[in-house]
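Trainee: I am new to this structure and would like a close look at a single part of it, explained slowly. Could you choose a part and take me through what surrounds it?

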Amino acid sequence: MQSTIAILPGDGIGAEVTREAVKVLRAVEQKFGHDFALPEALIGGAGLDAENDPFPQQTADICADAAAVLLGAVGGPKWDSVPTESRPEKGLLRLRAALGVFANLRPVAPHPILSGASPIRADLLQGVDIMVVRELTGGIYFGKKERTADSATDVCTYTRPEIERVLRIAGKLAQGRKNKVTSVDKSNVLETSRLWREVTEELMPREFASVELEHLLVDAAAMHLLSRPADFDVIVTENMFGDILTDEASMLAGSMGMLPSASLNEGSVGLYEPIHGSAPDIAGQDKANPCATILSAAMLLRLSLGLEDESAAIEAAVNTVLSNGLRTGDIAAKGDQVVGTAAMGDAIAAAITA
Ligand code: NAD
């Protein structure tokens, strides 16, 4: 049976890194005998340039028919003066809304061979394997906003169902991992956090009795992520805390070019993308690290298509290529062999079919 994966390259290095992920998906197709339809569509600045719309109708239609969506990145200086309502980032928000995705998953499992690329000491990185689950559609980013010349207000709201559905994703993930969930809030100060903690304490023992539950205040969590990162399994938190903590956690792995992400809804359709942006400073130069996008494709196969062996084959191929010494510039140390985006993708695809 044919599975459709919508490919949205977007802007800047987005086109370069998704091209390599497509190469890898084709290698998986060949190795495991699958049939993937991989239609491409415009989003972000590319959509604005071609259709005067950062999320054109044709893109919406292609995504609506797909089992999953793989995105590069959107945005760049070319569109910085475009009015807020039609900026490239608006295309991404509309895509998330169209898919109804509410939980953003960011795994952080630094490759031991790359420990030199992280600012954190190598001994602290041993055994680090964290899955951060960030609530994506609620909280202060989406609350009512008010502004006068001398005052400003951002309202933070959470409802019980919003908290429950993201906790269920975290609980299920923990069951397939090390059976531990750390819930992060600021319940000593914020009412929304007090509700978050109350719902967590009710739901987790009831629905995930075998999963160990830990609570941390967000300020302490920021510290523990650096001082004892190997102690974490699944971290679940609200939108703004997750936004900040995931960027902090990305430094455990050294480069944004290594980190994938998945955004999930209640069904199986998901949006998969690297955590980095369009990197205009290196766009078009064959310098971008495609691993984050290739590892996002691996998450896609596992979480949206249920293809565990195929997903593991991609992850193993990335490990093989890194172990063989290939490095893009962002993860290279002195004396390493530096290769370009396309050569890195070729090597990973070849490791799958080998
Ligand atoms: P960025 O992530 O694009 O780049 C930050 C730094 O990391 C740059 O020096 C870049 O060269 C480097 N980098 C990023 N990805 C890399 C990769 N795969 N390989 C090697 N190096 C890599 O962040 P930015 O510069 O703040 O933003 C650039 C544009 O991207 C902006 O328009 C921003 O709005 C947009 N953006 C989009 C998304 C998204 O599409 N989800 C996310 C973040 C930023």
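Mentor: What follows is a close look at helix α11, then at the elements packed against it, and after that at some further places in the chain. Please keep in mind throughout that this is a predicted model.

Helix α11 covers residues 308–323, which makes 16 residues, and the distance from its first C-alpha to its last is 22 Å, close to the 22 Å expected at 1.5 Å a residue. The buried residues in this helix are E310, S311, I314, A317, V318, V321 and L322. When one looks down the axis of α11, these buried residues fall within an arc of 130 degrees, so they line one face of the helix. It helps to recall that an α-helix has 3.6 residues a turn, so residues three or four places apart point the same way. Just after α11 comes G325, which takes a positive phi of about 100 degrees.

What does the buried part of α11 pack against? The buried residues of α11 pack against α1 (14–32), α10 (291–303), β13 (326–327) and α12 (341–353), and three of these elements, the helices, can be taken in turn.

The helix α1 has 19 residues, which at 1.5 Å a residue should span 27 Å, and its end C-alpha atoms are 27 Å apart, which agrees. Its buried residues are G14, E16, V17, T18, E20, A21, V24, L25, A27, V28 and E29. The cover over these buried residues of α1 includes not just α11, but also β1 (2–10), β2 (35–37), β3 (68–73), α10 and α12. After α1 comes G33, whose phi is positive, near 70 degrees.

The helix α12 can be read in a similar way, since its 13 residues should span 18 Å at 1.5 Å a residue, and its end C-alpha atoms are 19 Å apart, which agrees. In α12 the buried residues are T341, M344, G345, I348, A349 and I352. Seen down the axis of α12, these buried residues fall within an arc of 130 degrees, so they line one face of that helix. Among the elements that cover them are α1, α10, α11 and β13.

For α10, a single residue serves as a way in, namely L295, which lies in that helix. At 13% relative accessibility, L295 counts as buried, the cut-off for that word being under 20% relative accessible area. Leaving aside its neighbours within four places in sequence, L295 is in contact with M258, P260, E315 and V318, and V318 is also one of the buried residues of α11. The C-alpha atoms of L295 and A351 are separated by 14 Å, although these residues are 56 residues apart along the chain.

The loop between β12 (270–274) and α10 holds A279, a residue other than glycine whose phi is nonetheless positive, near 40 degrees. A279 brings us to the ligand, which is surrounded by 20 residues, the closest being V74, G277, A279, D281 and N289. Several short distances to oxygen atoms of the ligand can be picked out: a backbone N or O atom of G277 lies 2.7 Å from one, a backbone N or O atom of G76 lies 3.0 Å from one, and a polar side-chain atom of E89 lies 3.1 Å from one.

Another buried place is S250, which is in helix α9 (residues 239–250) and has a relative accessible area of 2%. A polar atom of the S250 side chain lies 2.7 Å from the backbone oxygen of D247, and, not counting residues up to four places away in sequence, S250 touches S255, M256, L259 and I275.

A strand makes a useful companion to these helices, and in β5 (residues 130–135) 6 of the 6 residues are buried, so the strand is largely enclosed by the rest of the structure. I130, V132 and R134 point one way from β5, while M131, V133 and E135 point the other way. The strand β4 (residues 103–108) is joined to β5 by 6 bridges, and the two run antiparallel, with L105 standing opposite V133. The pairing of β5 with β10 (residues 234–237) is in the parallel sense and has 4 bridges, and there R134 has T237 in β10 as its bridge partner.

Note on methods: Residues numbered from 1 in each chain as written. Predicted model: local features only at pLDDT ≥ 70, side-chain atom pairs only at ≥ 80, totals over all residues. Heavy atoms only, no water. Expected span 1.5 Å × (residues − 1). Buried < 20%, exposed > 50% of the residue type's maximum accessible area, 1.4 Å probe, protein only. Arc of directions from axis to C-beta. Contact = heavy atoms within 4.5 Å. Pairing = 2+ DSSP bridges. Near = heavy atom within 4 Å. Polar contact = N/O pair within 3.5 Å; in protein donor to acceptor, adjacent residues only side chain to side chain.
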